[in-house]
Amino acid sequence: MTLPQLRSVVLAGGGTGGHIYPLLAYADCLRRHDPHVRVTCLGTEKGLENDLIPKAGYDLRNVPAHQLPRKINLDLLLTAPRMLKAMKATRDIMDEVQADVVVGFGGYVAVPAYLAAWRRKTPMVIFEFNDPPGVANKMALKFSDNLALGFPHLPQASPILADGTITGVPLRPEIAHLDRQAMRAQACQYFGLDPRRPVLFVYGGSQGAASINNAVSGAARALTHRGVQVLHITGARREEPIHIPEGLPVPYRTLPYLDRMDLGYAAADMVLARGGSMTVAEVSALGVPTVFVPMPWGNKEQYRNAGPVVDAGGAMFCDDENLNPSWIEANLIPVITDPHRVAAMSRASAAFGSRTGDEALRNYTLKVLEQA
């Protein structure tokens, strides 16, 4: 049986890296299979997509999308005309590029894309990897049941996700195909680390995380005197300085930003980070033992994202309010300095993760087109 050809694909998902990075990984997969496929990405003028998508070589079209209000107020009265305007602009783009299918990754820019696809009778695929699912994707499920899921626990996590197809999360090729063991020596040399000693890889997102920065830097002496090296990404938009003591016995490297996350993971024996879905997808795909420090506000989404990896034995939780140098000394150092414990956690993490989410999502999209 010959599967339908993807000639023009519209991808919708913007605002944050959690929506954009899987979108870009999926776009790269489409291009690998067919360099001539037309990929059109939708975004808004204020989203992070304006930095990431054109740099990756893809066509970005901004539409006047607005965040859906979660309360009954004046914004709710303005939602309908705003949405109609955004939907019309999105439909015009779909007509122009002769879209065969729309694949949405969430975020409020996906709302007019889903609505335009429904009105245009264009097949749509909804990709979700958060628990609970986002507002945009919840809305889209009223128009389509073509639901792809990033993690195997999601069908049990929410009734509206129960019938989804598990594809895994599309990951950047340099992450998906990374051989950590083969790359470790090169990665350690890149950062000026000793490959014979354990490495703790720390990051808190592009803006950094003050609680993470303060706790780990505060534990610098305890970590390094136990032979643990630290690779600490402090955040490019971080305002508060962090102090690293001088004269430490092994390296403690700080960087404001790292665009070679593959090398960071290759050097790492253990990660300490937030519990966002992309972080969970990457560390589990690579089998990196992790201390998850979920954000202390919001709907506790990051606990649900990372919980299955913790339950599987591949990671540990530390509440943000409990993260301090004493916690690191009592709980993290005994683990990272025990090679047998690290190896067991690595196996457990890798058993949960997937490296083939991009290919699986492409295959699912082709099946949706075939059935349309």
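Trainee: What makes Gln 302 part of a helix, and which one?

Mentor: Gln 302 sits in helix H13, residues 301–312. Helices here are DSSP runs of H or I with at least four residues (strands are E, at least two), numbered from the N terminus. Bear in mind that this is a predicted model, where local features need pLDDT of at least 70, side-chain atom pairs count only at pLDDT 80 or more, and totals for chains, interfaces and linings use all residues. Residues are numbered from 1 along each chain as its sequence is written, and side-chain values use heavy atoms, with hydrogens and water left out.

Trainee: Why is Gln 302 called buried?

Mentor: Its relative accessible area is 10%. Buried means under 20%, exposed over 50%, and partly exposed in between (1.4 Å probe, protein chains only), so Gln 302 counts as buried.

Trainee: And why is Thr 16 called partly exposed?

Mentor: Thr 16 comes out at 42% relative accessibility, so it falls in the in-between class. You'll find Thr 16 in the loop between strand S1 (8–12) and helix H1 (17–33).

Trainee: What about Ser 211, buried or exposed?

Mentor: Ser 211 has 19%, so buried is the right word. Ser 211 lies in helix H9, residues 210–218.

Trainee: How do you know that the side chains of Ser 211 and Asp 320 share a polar contact?

Mentor: They are joined at 2.5 Å. A polar contact is a pair of N or O atoms within 3.5 Å; within protein, one must be able to donate a hydrogen and the other to accept it, and residues adjacent in sequence count only if both atoms are side-chain atoms. So the 2.5 Å pair qualifies.
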